[in-house]
Amino acid sequence: MRSPSWKPALLAAAALALAACGGGSKSTPITSHQVTISWAPNHERGVNSTGGGYQVMVAGKPTINVPYAGGAAAPTSTELTLTTGSYAVTVSAYAALDASGGGAGSQSAPSQAYTIVVP
Amino acid sequence: MTRPISAALLAALLTLSAGPAAAALTIPRARGASETVPGELIVKFKPGASAQGRAAALAATGHATISTLGDLGAEGWTHVRVAPGQTDAQALAAYAGDPNVEFAQPNFIYRASAAPDDAQYGQLWGWRNIGQAIGTANTQPAGTPIGYTTANPGASGADMNLQPAWDLITDCRSVVVAVLDSGVNYTHVDLAANMWNGNAEHGRNFAGTVSGSDAATTTDPMDLNGHGTHVAGTIGAVGNNGIGVTGVCWTATIMAVRVLAADGAGTSSGIIQGIDYAVQNGAKVLNMSLGGGGTLDAAYSAAIGRAQAADVVVVVAAGNDGKDNEATPVYPCNFPNPNLICVAALDQAFGMANFSNWGSTSVDVGAPGTNIVSAWPGPVYVDPLNAGWSASSSTATGWDYVSLALQGGGTLDLIGVPSPFNTAGVTYANNSDDRAYAAFSLAGASRTIFTFSAIVDVAANDIFRVGFRAGLADPFVGGTVIPLTDAAGYTNWPDFEPITLDLSTCGSGNCAIGFQLQSDGVAQTSKGIGIADFTLHGIYNNSTSYNTENGTSMATPAVAGLATMLRAFHGPSFTATDVIGAIKGGGWATASLSGRTTTGRAADAMGALAFINPPKGVTAVVR
């Protein structure tokens, strides 16, 4: 005899499998999608050099670090997988230089929030 | 009419009570704190410690050797990396009680100290304030105004935080900064090397000799007033050259755009031409230490809009009326253009200067604006007014020489009509012709500008005049006579009003200069006239002169210099919007500016350089 709590987990897994195959169900399907978040480049020298970059904050998800990795500028996009739902996303920029002239680092205020709707 | 926003006399209010003595203050500021390399220490082992003992000490702490400084002759010193997850404090404590270790210390960071060697650098409190008194504010001849006495000395740390910024950048030559002002003495020893030289010009002259004249535009922007040269020096006097002062930028590209005449006044048409010339010739920062009241000047605003379209930052002065710009707009400060940043003046303790305008939605930041030492076109002679003057009067009241206490401290010596001056119930006489004049040598000057401050209360049809003529004789006989009031009468009591005249037609020999109050027979109750701050400014080539000035005009170029520095530091992609965001967001929160500016902040060079604007244009694509 399986415990009652086992059944919902099985149903959820089945729904996810159907969605991934392009099928559906009358209940709200939980799907996952690749999402590309992008933003306009910052122009501060420190953001676009070693020790600089961006942080992408997606509500309910771990912060994504997008560091400068060489070349003329730090990357201005990142990809992640999100499941069905609505997510507020903000981006902040950072650099190694601090306001005392030291290397403790500085970070911008977050950008205006953008809402991602994943179907 | 637009005038430069400086305040030689600060529109000083007459009062008989002196202000309290300035107290020494210190602004606590987390600057210059000792920096250390995170995760690294230097360990000094005792002289008798064996190799095994040293190794055991390091093993006990989990630290790894980076280098043995003994290789360079520092026997017993070892540079180590601390254990993962251990703070530096924990790492230092781990050596306590170890019999092999004499002591351990952080690995401190030292930086080049970018203090320039300019002779008068110690007087530039706005760049580095260590609570120094500004001596040049008090070294005028006896009996003349003594500068801005409030908060002199001021508060250590109340400054633009430039020294750490100079560790990063001193060379702003890649960015052309235009000074729209009375011109620049481009031969000054502290400016010549930093002048723009586009099209084989240092700039243009869009102003006549005196305001209102329609002189044709020329390619010679020589300063015949002094104001523009002072402004240019604050932006970009050559730094670290051992002489004079240094600007925010040690090396710069300064375009001189003369839009104010020798008397310090200009017109919309001249200023608009100046803006367009600067923008079309590549300037990316405009300094406009000038302003005027009245209605919104659409043509002027449109010119600033063209600068905006060309991604040019326009830095402007708040005004020197000691008033709220929200109630009484001052332009260009109150123009709505987003590429414009408006600056209030701060004193040496970062209080708002008593002459500075403010505005919660129109004025953006504060910057040093009192007792500012900078370049000047030529020698300055200040006459104490107490000797050598020939005074005559057709009535009994005549001229008086008095010393008045100024609001905020200090005294002001003046000559005035009637005698006794500024005395309740005493008015000047009717049917009077009161004259006072003195002769001065103008030898050696290619041009001479004459400035003074006047407090005036004259009735209708009584006329206050100034006159001058070559030689020693009465200038009101055969000289150039300029009425300063008209048949309507005039009063500015109790405020003094600065007045500038071009004395070049007096030649280069002796020049007699005088004042006259002539009254009719109509009974009146007016207080008369007072003359103070009598100053001759000689304009010379290859000048080595400096001067100490007060005003939001002096605060504005500090911010324009910072805007230039920011654009040079971050490169050509750093936009006008980025610059203004960094200056506003990277400023130093200052109580005197809270609620009186859009930011409540003073311009802070290091803060602005380190400031990062919030990213924009966030979007997402779901696949």
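This is a short tour of a predicted model with chains A and B, stop by stop.

**Stop 1: chain A on its own**

Start by showing just chain A. Its secondary structure amounts to one helix and seven strands. Walk along the sequence and you'll meet them in the pattern α-β-β-β-β-β-β-β. Chain A has 119 residues, and 25% of them count as buried. Now think about what touches what: take the contacts in chain A between residues at least 6 apart in sequence, and 55% of those join residues at least 24 apart.

**Stop 2: where chain A meets chain B**

Bring chain B back and select the contact between the two chains. How many residues does each chain put in? Chain A gives 36 residues and chain B gives 29. On chain A's side, the elements giving two or more residues are strand E1 (32-38), strand E5 (85-95), strand E6 (106-107) and strand E7 (114-118). Colour that side of chain A by class and you get 18 nonpolar, 15 polar and three charged residues.

Stay with E1(A), and add strand E32 (residues 619-622) of chain B. These two strands pair across the chains, antiparallel, over four bridges. For a landmark, click on Ile37(A): its bridge partner in E32(B) is Ala620(B). If you switch on hydrogen bonds here, remember that strands of a sheet pair through backbone hydrogen bonds, either parallel or antiparallel.

**Stop 3: the nine-stranded sheet of chain B**

Hide chain A and look for an open sheet of nine strands in chain B. The order across the sheet is E9-E10-E8-E11-E13-E14-E15-E31-E30, with mixed pairing. Which strands sit at the edges? They are strand E9 (203-205) and strand E30 (588-589) of chain B, each pairing on one side only.

Next, zoom in on strand E13 (residues 313-317) and strand E14 (residues 340-346) of chain B. This pair is parallel, held over four bridges. Pick Val316(B) and you'll find its bridge partner in E14(B), Cys342(B).

**Stop 4: two helices across that sheet**

Keep the sheet on screen and add helix H7 (residues 552-570) of chain B. H7(B) lies across strand E8 (171-181), strand E10 (251-258), strand E11 (283-288), E13, E14 and strand E15 (365-368), and runs at about 130 degrees to E14(B).

Then add helix H8 (residues 576-585) of chain B. H8(B) lies across E13, E14, E15 and strand E31 (601-602), running at about 40 degrees to E13(B).

Now look at how the helices meet. The axes of H7(B) and H8(B) come within 10 Å and cross at roughly 120 degrees. The two helices are therefore oblique to each other, and their crossing is right-handed. To see the contact itself, show side chains for Val559(B), Leu562(B), Ala563(B), Leu566(B) and Arg567(B) of H7(B), together with Val579(B), Ala582(B) and Ile583(B) of H8(B). By class, that contact holds seven nonpolar residues, no polar ones and one charged.

**Stop 5: following Tyr437(B) between strands**

Last stop: select strand E21 (residues 433-441) of chain B. Strand E18 (residues 390-393) of chain B pairs with E21(B) in the antiparallel sense over four bridges. E21(B) is also joined by nine bridges to strand E27 (residues 510-518) of chain B, again running antiparallel.

Centre the view on Tyr437(B) to see both pairings. Tyr437(B) is the bridge partner of Ser390(B), and in E27(B) the bridge partner of Tyr437(B) is Gly514(B).

Technical notes: Residues numbered from 1 in each chain as written. Chains lettered and ligands numbered in written order. Predicted model: local features only at pLDDT ≥ 70, side-chain atom pairs only at ≥ 80, totals over all residues. Pairing = 2+ DSSP bridges. Contact = placed C-beta atoms within 7 Å. Axes fitted to C-alpha atoms, helices over the stretch in contact; angles between N-to-C directions. Nonpolar A, V, L, I, M, F, W, Y, C, P; charged D, E, K, R; others polar. Parallel < 35°, antiparallel > 145°, perpendicular 65-115°, else oblique. Left-handed = near helix turned anticlockwise from the far one by under 90°. Buried ≥ 20, exposed ≤ 12 C-beta atoms within 10 Å, placed from the backbone.
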